[in-house]
Amino acid sequence: MSAPSSAIESTLVENRVFPPSEAAVKAARISGMAAYEALCAEAAADYEGFWARLGREHLQWTKPFTQTLDESEAPFYHWYADGELNASANCLDRHIGTAVENKTAIIFEADDGSVTRVTYKELLGRVSRFANALKALGVVKGDRVLIYMPMTIEGVVAMQACARLGAIHSVVFGGFSAKAVHERVIDVGASVIITANAQLRGGKELPLKNIIDEALAMGNCDSVRNVLVYERTKTACNMVAGRDLTFSQAMEAQSDRCEPVAVGAEHPLFILYTSGSTGKPKGVQHSTAGYLMWAKVTMEWTFDIQPSDVFWCTADIGWITGHTYVTYGPLAAGATQIIFEGIPTYPNAGRFWQMIERHKCTVFYTAPTAIRSLIKAAEADPAVHPARSDLSSLRILGSVGEPINPEAWMWYYKNVGGERCPVIDTFWQTENGGHVITPLPGATPLVPGSCTLPLPGIMAAIVDETGNDIPNGSGGMLVIKRPWPSMIRTIWGDPERFKKSYFPDEMGGKTYLAGDGAVRSADRGYFRITGRIDDVLNVSGHRMGTMEIESALVAKTDLVAEAAVVGRPDDVTGEAICAFVVLKRSRPTGEEAKQIAKELRDWVAKEIGPIAKPKDIRFGDNLPKTRSGKIMRRLLRSIAKGEAITQDTSTLENPAILDQLAETN
């Protein structure tokens, strides 16, 4: 097992601390560190009782549970196992007959700027009609339904309709290739596929149904009985007679009432395939009750969601963030949320800020990659700077997807949050279901670049290769020592891979291995994620997290907009550090590139130490990113090694950038 040593050396020290304001502390659900510590103490004193209380308080059960945690088949843990409920009813029906019934559930802004609003009552009607359409096609509890949809209200409706029937949805991000769809259809055994004729992004119409047709034509997809097609645009697409139906055809004459199907607490709510993996897709399976409970609780704890809030998570429903903090968490909490179809740079790079002003967004949750790209855009063009929009409605900012560099954190805090909004740097994974390590806006003093402390009930620690605790100030492997309700249940169809990947024998077989390296600060015990275990570089016997070096490069604020660091084999040092850098100016070439590369090497040596100086520095106009903004580091590793790109690049927003980054300086 690849792992960092007992110390990740030359770690950056961050001394800036931003305590919550008195007003935030006074108004928050979790008010002050004493309240946070009281919850942690409750969980430590009576672990099962703590989770039982949350399960009862936050979920509506058709059959209440009597057993909280069953560890008899560890690491296949069961929570609330003898209880029954329905996830869709907990998101929609629970609000009918309350003040939330006629509240706006979703503010949908399309790529072209048009806006649609849907109340909770209206959303329930749409979900029920679509669930009835699925039922008419023979979909029953336990069936798997693959969803390949754009970011629209209909995407959320499709997911909620599956949950209403007890069908298990598997959402595939709308930028994935036909091959990726084909693999997932086969692995999950989908009986129905829900898609659209097209999606709109950045003023362009991109086909979706054509990709489904291509995937199904690859063969071995006999499980698929029907394909439902949402007509997002007027563009015609191929429709196979007897198999394919448009949404309007499927829902014609369907009732807007559909009784939710009660399922057991451990019934799979969804299967979500992790992106970027090699070989057979890895289907992360989540339960109904434990997952949904934590989605609602973290909406209230992490985002301190209030009845008057307008919440906006920019993630696509194809990712876990879009599942938990678009489709399930906000609706279970009765929140009003924004759903956005387009991209942050169309029609200009001020789109996010303009939308915050337009919809009076109060809680904004996005990714560091988006923030860094918008920093570059704002500094190049003052017209799209956040200062040009009225962001006074904001009260909480969030970050998700990867560690946020301290300087990007500071820019976000100052320019978007006006130095009054806490930046909630959330750490969690597809396998976690919801946040596990994160600040709380009314309690936690903030440190840029740190996700701070575990949520109450999350027993996180940093250990060495044998599972022994490592003292604060040193780096090791991030683990969670006790099971918690929203954790992954298994890998669909591959329980042995589940155990080997997340509960290895080296850790005793019952400790969850996150796969990330981390450091806890010596003073506060705050967690800082240093990168994936596989991203810890070993240079001449010195181990360094790639995130450390990236943070140092981006801290060169007068020059660097964004950076990604990977390792490549080196005959002398074992591994050499290769940095891919986007500057706040045009891409340099020739002697100028060499001069700037030297300047950056010297800067990293000053910030961390000479051992951290990148051997290679490549400059690009951008970094290779998926359409959701995730940097494809596996492609950068291939470029650094001088290998031909053989991996699937169809999910990239900008595939041409690969050739540019392959140029050496």
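The legends below describe four close-up views of a predicted model.

**View 1. Surroundings of Tyr526, a residue in a loop between two strands.**
Tyr526 belongs to the loop that joins β24, made of residues 512–520, to β25, made of residues 527–532. Is this residue buried or exposed? Its relative accessibility is 5%, and because buried means under 20%, Tyr526 counts as buried. Leaving aside residues up to four places away in sequence, Tyr526 touches Thr444, Pro445, Val447, Ser450, Thr452 and Leu453, and also Val519, Arg520 and Ser521. One of these residues, Pro445, has its backbone oxygen 2.6 Å from a polar atom of the Tyr526 side chain. Although Leu446 and Tyr526 are 80 residues apart along the chain, their C-alpha atoms are separated by 9.6 Å.

**View 2. The open sheet of four strands that includes β24 and β25.**
In this sheet the strands follow the order β21-β22-β24-β25, and their pairing is antiparallel. Strands of a sheet pair through backbone hydrogen bonds, and the pairing can be either parallel or antiparallel. The edges are taken by β21, residues 460–463, and by β25; each has a single partner strand, so one side of each is left without a neighbour in the sheet. On average, and with direction ignored, neighbouring strands of the sheet are turned by 45° against each other. Within the sheet, β22, which spans residues 475–480, runs antiparallel to β24 and is joined to it by five bridges. Across this pairing, Gly475 stands opposite Val519 of β24, and Val519 is also among the residues that Tyr526 touches.

**View 3. The crossing of helices α2 and α3.**
Helix α2 covers residues 32–45 and helix α3 covers residues 47–58; their axes come within 5 Å and cross at roughly 120°, which means that α2 is oblique to α3. Which residues make the contact? From α2 they are Leu39, Glu42, Ala43 and Ala45, while α3 contributes Tyr47, Phe50 and Arg53. Sorted by character, the residues of this contact divide into five nonpolar and two charged, with no polar ones. When reading the helix contact, it helps to recall that an α-helix has 3.6 residues a turn, so residues three or four places apart point the same way.

**View 4. Helix α11 and the glycine that follows it.**
Helix α11 runs over residues 320–332, and 13 of its 13 residues are buried, so this helix is largely enclosed by the rest of the structure. After α11 comes Gly334, a residue whose phi is positive, near 70°.

Notes
Residues are numbered from 1 along each chain as its sequence is written. Side-chain values use heavy atoms; hydrogens and water are left out. Buried means under 20% relative accessible area, exposed over 50%, partly exposed in between (1.4 Å probe, protein chains only). Contact means heavy atoms within 4.5 Å. A polar contact is a pair of N or O atoms within 3.5 Å; within protein, one must be able to donate a hydrogen and the other to accept it, and residues adjacent in sequence count only if both atoms are side-chain atoms. Axes are lines fitted to C-alpha atoms, for helices over the stretch in contact, and angles run from 0 to 180 degrees between N-to-C directions. Angles under 35 degrees count as roughly parallel, over 145 as roughly antiparallel, 65 to 115 as roughly perpendicular and the rest as oblique. Ala, Val, Leu, Ile, Met, Phe, Trp, Tyr, Cys and Pro count as nonpolar, Asp, Glu, Lys and Arg as charged, and the others, Gly among them, as polar. Two strands pair if DSSP finds at least two bridges between them.
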